[in-house]
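Got a minute to walk through a fold with me? Have a look at the model below, and then we'll take it question by question.

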Amino acid sequence: MTAQPLSISGIVASQRPHRKDAARNYDALLAAAREAFAEKGAEASLEDIARRAGVGIGTLYRNFPTRRHLFESVYADEVDALCRMARDVATQEPWAALTSWLRRFVDYTVTKRAIREALDNESEIFLACRDSMYQAGGPLFERAQKAGEARTDMDFDDLLRMVAGITSTNFLDDAQRDRVLTVALDGVRAAH
(Lines give C-alpha, C1' and ligand atoms only; values in the text may rest on other atoms or scores of the structure.)
Protein backbone atom coordinates (compact mmCIF):
# COMPACT_ATOMS: atom_id res chain seq x y z
CA MET A 1 0.00 0.00 0.00
CA THR A 2 1.46 3.35 -1.08
CA ALA A 3 1.10 6.31 1.24
CA GLN A 4 -0.85 9.25 -0.12
CA PRO A 5 1.31 12.35 -0.59
CA LEU A 6 0.59 15.05 1.94
CA SER A 7 -1.47 18.01 0.78
CA ILE A 8 0.52 21.21 1.20
CA SER A 9 -2.60 23.19 2.07
CA GLY A 10 -3.38 20.60 4.74
CA ILE A 11 0.14 20.94 6.16
CA VAL A 12 -0.05 24.74 6.17
CA ALA A 13 -3.51 24.73 7.78
CA SER A 14 -2.44 22.25 10.47
CA GLN A 15 0.56 24.40 11.44
CA ARG A 16 -1.32 27.70 11.66
CA PRO A 17 -2.66 28.54 15.14
CA HIS A 18 -6.41 28.91 15.56
CA ARG A 19 -6.51 31.82 18.03
CA LYS A 20 -6.66 35.13 16.14
CA ASP A 21 -3.80 36.82 18.02
CA ALA A 22 -1.58 33.74 17.69
CA ALA A 23 -2.45 33.43 13.98
CA ARG A 24 -1.52 37.12 13.45
CA ASN A 25 1.85 36.54 15.13
CA TYR A 26 2.41 33.37 13.09
CA ASP A 27 1.62 35.17 9.82
CA ALA A 28 3.83 38.12 10.80
CA LEU A 29 6.71 35.75 11.57
CA LEU A 30 6.33 33.97 8.22
CA ALA A 31 6.30 37.29 6.34
CA ALA A 32 9.31 38.58 8.28
CA ALA A 33 11.22 35.32 7.76
CA ARG A 34 10.47 35.33 4.03
CA GLU A 35 11.77 38.89 3.77
CA ALA A 36 14.86 38.20 5.91
CA PHE A 37 15.72 35.01 4.01
CA ALA A 38 15.37 36.82 0.66
CA GLU A 39 17.72 39.56 1.89
CA LYS A 40 20.25 37.59 3.93
CA GLY A 41 19.83 33.95 2.95
CA ALA A 42 19.45 31.01 5.29
CA GLU A 43 21.75 32.59 7.85
CA ALA A 44 19.30 35.41 8.64
CA SER A 45 19.15 36.06 12.38
CA LEU A 46 16.14 34.68 14.23
CA GLU A 47 16.28 37.71 16.53
CA ASP A 48 16.04 39.96 13.45
CA ILE A 49 13.06 37.95 12.18
CA ALA A 50 11.25 38.30 15.53
CA ARG A 51 12.01 42.04 15.60
CA ARG A 52 10.71 42.50 12.03
CA ALA A 53 7.53 40.65 13.00
CA GLY A 54 7.08 42.85 16.05
CA VAL A 55 7.20 39.92 18.49
CA GLY A 56 9.64 38.56 21.04
CA ILE A 57 12.04 35.72 20.36
CA GLY A 58 9.96 33.50 22.70
CA THR A 59 6.97 33.89 20.38
CA LEU A 60 9.13 32.86 17.43
CA TYR A 61 10.30 29.72 19.26
CA ARG A 62 6.76 28.85 20.41
CA ASN A 63 5.67 28.84 16.76
CA PHE A 64 8.86 27.45 15.25
CA PRO A 65 10.84 25.38 17.78
CA THR A 66 13.80 24.98 15.40
CA ARG A 67 15.34 26.93 12.55
CA ARG A 68 14.52 24.01 10.25
CA HIS A 69 10.85 24.18 11.27
CA LEU A 70 10.83 27.87 10.33
CA PHE A 71 12.47 27.10 6.96
CA GLU A 72 9.96 24.36 6.19
CA SER A 73 7.02 26.52 7.26
CA VAL A 74 8.10 29.47 5.09
CA TYR A 75 8.71 27.12 2.17
CA ALA A 76 5.35 25.35 2.59
CA ASP A 77 3.53 28.68 2.89
CA GLU A 78 5.16 29.91 -0.35
CA VAL A 79 4.16 26.74 -2.21
CA ASP A 80 0.63 26.95 -0.80
CA ALA A 81 0.36 30.54 -2.12
CA LEU A 82 1.61 29.31 -5.50
CA CYS A 83 -1.07 26.61 -5.53
CA ARG A 84 -3.79 29.12 -4.61
CA MET A 85 -2.54 31.35 -7.42
CA ALA A 86 -3.02 28.48 -9.91
CA ARG A 87 -6.65 28.19 -8.84
CA ASP A 88 -7.12 31.96 -9.03
CA VAL A 89 -5.84 32.26 -12.62
CA ALA A 90 -7.42 29.06 -13.96
CA THR A 91 -10.33 30.96 -15.52
CA GLN A 92 -8.08 33.30 -17.52
CA GLU A 93 -7.16 32.59 -21.13
CA PRO A 94 -4.66 29.69 -21.23
CA TRP A 95 -1.50 31.70 -22.03
CA ALA A 96 -2.37 34.51 -19.60
CA ALA A 97 -3.07 31.99 -16.83
CA LEU A 98 0.23 30.20 -17.40
CA THR A 99 2.36 33.35 -17.55
CA SER A 100 0.64 34.87 -14.49
CA TRP A 101 1.41 31.71 -12.55
CA LEU A 102 5.00 31.55 -13.80
CA ARG A 103 5.62 35.15 -12.70
CA ARG A 104 4.48 34.15 -9.20
CA PHE A 105 6.68 31.05 -9.47
CA VAL A 106 9.68 33.35 -10.02
CA ASP A 107 8.90 35.10 -6.72
CA TYR A 108 8.73 31.69 -5.03
CA THR A 109 12.18 30.75 -6.37
CA VAL A 110 13.72 33.65 -4.43
CA THR A 111 12.57 32.09 -1.16
CA LYS A 112 13.50 28.61 -2.30
CA ARG A 113 17.04 29.66 -3.21
CA ALA A 114 17.49 31.39 0.13
CA ILE A 115 16.66 28.30 2.18
CA ARG A 116 17.45 25.50 -0.28
CA GLU A 117 20.54 24.27 1.56
CA ALA A 118 18.52 23.92 4.76
CA LEU A 119 15.90 21.67 3.15
CA ASP A 120 16.35 17.98 2.54
CA ASN A 121 15.13 17.08 -0.97
CA GLU A 122 13.72 13.85 0.41
CA SER A 123 11.90 15.35 3.40
CA GLU A 124 8.16 14.84 3.66
CA ILE A 125 7.54 18.60 3.47
CA PHE A 126 9.77 19.07 0.42
CA LEU A 127 8.14 16.17 -1.44
CA ALA A 128 4.63 17.39 -0.55
CA CYS A 129 5.54 20.87 -1.78
CA ARG A 130 6.92 19.57 -5.06
CA ASP A 131 3.89 17.35 -5.68
CA SER A 132 1.45 20.15 -4.84
CA MET A 133 3.26 22.63 -7.07
CA TYR A 134 3.26 20.24 -10.04
CA GLN A 135 -0.42 19.39 -9.50
CA ALA A 136 -1.28 23.10 -9.43
CA GLY A 137 0.84 24.42 -12.29
CA GLY A 138 0.99 21.40 -14.59
CA PRO A 139 -2.63 21.68 -15.73
CA LEU A 140 -2.11 25.35 -16.62
CA PHE A 141 0.75 24.37 -18.92
CA GLU A 142 -1.18 21.46 -20.43
CA ARG A 143 -4.16 23.74 -21.06
CA ALA A 144 -1.92 26.26 -22.85
CA GLN A 145 -0.44 23.43 -24.93
CA LYS A 146 -3.90 22.09 -25.88
CA ALA A 147 -4.97 25.61 -26.86
CA GLY A 148 -1.99 25.84 -29.22
CA GLU A 149 -0.45 28.62 -27.08
CA ALA A 150 2.56 26.71 -25.69
CA ARG A 151 5.11 24.44 -27.34
CA THR A 152 4.37 20.75 -27.16
CA ASP A 153 7.99 19.59 -27.42
CA MET A 154 8.63 20.26 -23.74
CA ASP A 155 7.02 19.20 -20.50
CA PHE A 156 6.17 21.06 -17.32
CA ASP A 157 9.38 20.00 -15.59
CA ASP A 158 11.39 21.43 -18.52
CA LEU A 159 9.47 24.69 -18.22
CA LEU A 160 10.03 25.06 -14.46
CA ARG A 161 13.74 24.25 -14.73
CA MET A 162 14.14 26.79 -17.53
CA VAL A 163 12.33 29.56 -15.68
CA ALA A 164 14.10 28.83 -12.38
CA GLY A 165 17.48 28.69 -14.11
CA ILE A 166 17.02 31.89 -16.05
CA THR A 167 15.71 33.87 -13.11
CA SER A 168 18.19 32.55 -10.54
CA THR A 169 20.92 34.91 -11.65
CA ASN A 170 21.40 38.35 -10.13
CA PHE A 171 19.67 41.15 -12.01
CA LEU A 172 20.12 44.89 -11.80
CA ASP A 173 16.47 45.21 -10.78
CA ASP A 174 13.06 43.55 -11.06
CA ALA A 175 12.41 45.24 -14.42
CA GLN A 176 15.45 43.55 -15.95
CA ARG A 177 14.39 40.18 -14.50
CA ASP A 178 10.90 40.66 -15.99
CA ARG A 179 12.34 41.51 -19.43
CA VAL A 180 14.53 38.38 -19.42
CA LEU A 181 11.59 36.24 -18.29
CA THR A 182 9.42 37.69 -21.07
CA VAL A 183 12.07 36.83 -23.67
CA ALA A 184 12.31 33.27 -22.31
CA LEU A 185 8.53 32.85 -22.31
CA ASP A 186 8.43 34.04 -25.93
CA GLY A 187 10.50 30.92 -26.67
CA VAL A 188 7.88 28.76 -24.95
CA ARG A 189 4.99 30.27 -26.84
CA ALA A 190 3.87 28.24 -29.84
CA ALA A 191 4.44 29.88 -33.21
CA HIS A 192 1.23 31.11 -34.79
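Q: What percentage of the protein's residues count as buried?
A: Keep in mind that this is a predicted model. The protein has 192 residues, and a residue goes in the buried pile if its relative accessible area is under 20%. The share that counts as buried is 45%.

Q: How much of the area the protein exposes do carbon and sulfur atoms supply?
A: The protein exposes about 10200 Å². Of that area, the part supplied by carbon and sulfur atoms is 50%.

Q: How many helices and how many strands are there in the protein?
A: Reading from the N terminus, the elements go α-α-α-α-α-α-α-α-α. That fits the tally for the protein, which is nine helices and zero strands.

Q: Are H5 and H7 roughly parallel or roughly antiparallel?
A: H5 covers residues 67-89 and H7 covers residues 124-146, and their axes sit 9 Å apart. The two pack at an angle of about 15 degrees. Angles under 35 degrees count as roughly parallel, so H5 is, relative to H7, roughly parallel.

Q: Is the crossing of H5 and H7 left-handed or right-handed, and how many residues of the contact are nonpolar?
A: The crossing of these two helices is left-handed. On the H5 side the contact includes Glu72, Tyr75, Val79 and Leu82, while H7 brings in residues including Phe126, Ser132, Met133 and Leu140. Sorting the contact residues gives one charged and one polar, and the nonpolar ones number 13. In short: left-handed, with nonpolar residues numbering 13.

Conventions:
Residues numbered from 1 in each chain as written. Predicted model: local features only at pLDDT ≥ 70, side-chain atom pairs only at ≥ 80, totals over all residues. Heavy atoms only, no water. Axes fitted to C-alpha atoms, helices over the stretch in contact; angles between N-to-C directions. Helix = DSSP H or I, 4+ residues; strand = E, 2+ residues; numbered from the N terminus. Parallel < 35°, antiparallel > 145°, perpendicular 65-115°, else oblique. Left-handed = near helix turned anticlockwise from the far one by under 90°. Contact = heavy atoms within 4.5 Å. Nonpolar A, V, L, I, M, F, W, Y, C, P; charged D, E, K, R; others polar. Buried < 20%, exposed > 50% of the residue type's maximum accessible area, 1.4 Å probe, protein only. Areas by Shrake-Rupley, 256 points an atom, 1.4 Å probe, with all protein chains shown as cover.
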